[in-house]
Amino acid sequence: MGYFELLRRHPRSIGFGFLQTFFSGLGQTHFISLYTPLIMATFSLSATEYGSLYSLLTLISGFAITFIGPYIDRHDARYFSVAIGAGLIAALLLLLPMNNLLVVAVALFGLRLFGQGLCSSLSSITVARYFEDGRGKALSLSQMGFPLYEGIITPVGAYLLSTVAFEFYIAVFVAALVFVYLPLGYFLTASLPKFNKVHWVESETANSGAGGEQSWTRKKVFTNWQVYLLMPQVLMPPFALTGLFFHQALIADMKGWSLPLMASGLFFFAIGRICNTFLTGPLVDSFSAKKLFPFYQLPLTLGFVLLGLLQSQWTPGLCFLLFGLSVGSGGPIKSAIWAELYGVRHLGAIKSMFATLMIFSTAASPVLFGYVLDNTQRAGDLLYPLFVVSLISAILSYLALRAKPI
């Protein structure tokens, strides 16, 4: 079944996944960073102080997702969508006074929890569970929300902040949540019976991972040694790219590039992400996520070493394109592999744990990368170790997936 046929047959379920990934952008680092200078100037925060606060809030939100994730397995997606929308609206409104650092911290926590954490998790969990045939292509379509937000809404947000008052800026996104996200989220799931429980009515053996076993519980997954060999391959891209995006100005200065030149790489990042998301979906359906998983990170690995070695003006575009290729293929592969390995009955609980670990890693990288760059003053001293760790991650995942019982 091709992309158009899949979309024609299941417009609401794919549309719901797309809606969640698109609005997750409200809690992503690339978007929050737009009003970082305002927060820092208002409260006289240094870059280190603000980075530490942001990392702490990200860690707390990741810890919270560990407890919230299992409820996605037991409740209808439409009600989760409403709760997420309400949480995002409240978080944005808390930013408006901008006169109390504690209130701003709570707002940032809410954006990270409901946007970056729960929106992304709800999308991948519901789409992965709803589809068995065509799962890879369905995930590819639903995850188009990520690059479209990066390529459209983030630049629009930057333009708004440079031309209108901050209050109007917040009002635009609150209105989008009220008049687009909330009604669409309810409408797209309202007529889908058993949308979040489609496989629960089947036998336990039908709800299986590899080998026809029963669906794995979260406890069983995390007491199996193989999952710890898979983790580095899961966590490396968000860990590395969050740190690189957060410190892109410093890296650009060390390489002798202007910040606009470095930031222009995000355009190529979005292109690579979109192209490889669409290319990878059919590959997942044809070959399985298990077979593709050890290799999806190779463009990212190459990008690290090229960014360290090359000085040309076209280097950021090339390297960010490679980063986008890995992130684009990683979306459908990482969303599908847990259903393939562990079944779908406890998918929310399992994915929430991985989402928590991912958030922990993205909280650590801004602080860690800043320390390395401050003390070495050479971008290569950061990028070459990332190349080595990324390569080792791929090898470990290959060995894990060749072993039994997975």
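**Salt bridges, helix packing and selected residues**

In this predicted model, a salt bridge joins the side chains of E5 and R9, with 2.7 Å between N and O. Both residues belong to helix α1 (residues 3–9), where a spacing of four residues, about one turn of the helix, separates E5 from R9. E5 is partly exposed, its relative accessible area being 25%. This value falls between the 20% under which a residue is called buried and the 50% over which a residue is called exposed.

The pair in α1 can be set beside the other salt bridges, of which the whole structure holds four in total. One of them links D285 with K137, and here the closest N and O atoms are 2.7 Å apart. D285 is located in helix α15 (residues 265–287) and K137 in helix α8 (residues 135–142), so this salt bridge ties together parts that lie 148 residues apart in sequence. The surroundings of the two partners can also be described. D285 is partly exposed at 30% relative accessibility, whereas K137 has a relative accessible area of 9% and is classed as buried because this value is under 20%.

A further salt bridge brings together the side chains of D381 and R378, again with an N to O distance of 2.7 Å. D381 is partly exposed, with a relative accessibility of 30%. R378, at 52%, counts as exposed, because the cut-off for that class is over 50%. Elsewhere, E5, R8 and R9 are joined into one network by salt bridges that share partners.

Helix packing comes next. Two packed helices are described by the angle between their axes and by the distance between those axes. For helix α2 (residues 11–23) and α6, the angle is about 20° and the axes are 12 Å apart. These two helices are therefore roughly parallel, as angles under 35 degrees fall in that class. The crossing of α2 and α6 is left-handed. On the α2 side, the contact is made by F16, Q20 and F23, and these residues meet A77, S81, I84 and L88 of α6. Sorted by class, the residues of this contact comprise five nonpolar and two polar, with no charged residues.

Helix α6 (residues 77–95) also contains A90. A90 is partly exposed, at 39% relative accessibility. In sequence, A90 and A107 are 17 residues apart, and their C-alpha atoms are separated by 7.7 Å in space.

A second packed pair is formed by helix α18 (residues 315–342) and helix α19 (residues 347–376), whose axes come within 11 Å and cross at roughly 130°. The two helices are therefore oblique to each other. The handedness of this crossing is right-handed, as α18 passes α19. S335, W338, A339 and Y342 are the residues of α18 in the contact, and their counterparts in α19 are L347, I350, K351 and F354. By class, the contact of α18 with α19 is made up of six nonpolar residues, one polar residue and one charged residue.

A closer look at single serines completes the picture. S55 is part of helix α5 (residues 47–72). With a relative accessibility of 5%, S55 counts as buried, because that class takes in values under 20%. When neighbours within four places in sequence are left aside, the contacts of S55 are with A363, P366 and V367.

S44 sits in the loop between α4 (36–43) and α5. The phi angle of S44 is near 55°, a positive value in a residue other than glycine. S44 is exposed, with a relative accessible area of 62%. S288 likewise has a positive phi, near 90°, and is also a residue other than glycine. The place of S288 is the loop between α15 and α16 (289–292).

Definitions and conventions: Residues are numbered from 1 along each chain as its sequence is written. This is a predicted model: local features need pLDDT of at least 70, side-chain atom pairs count only at pLDDT 80 or more; totals for chains, interfaces and linings use all residues. Side-chain values use heavy atoms; hydrogens and water are left out. Buried means under 20% relative accessible area, exposed over 50%, partly exposed in between (1.4 Å probe, protein chains only). Axes are lines fitted to C-alpha atoms, for helices over the stretch in contact, and angles run from 0 to 180 degrees between N-to-C directions. Angles under 35 degrees count as roughly parallel, over 145 as roughly antiparallel, 65 to 115 as roughly perpendicular and the rest as oblique. A crossing is left-handed if the near helix is turned anticlockwise from the far one by less than a right angle, and right-handed if clockwise. Contact means heavy atoms within 4.5 Å. Ala, Val, Leu, Ile, Met, Phe, Trp, Tyr, Cys and Pro count as nonpolar, Asp, Glu, Lys and Arg as charged, and the others, Gly among them, as polar.
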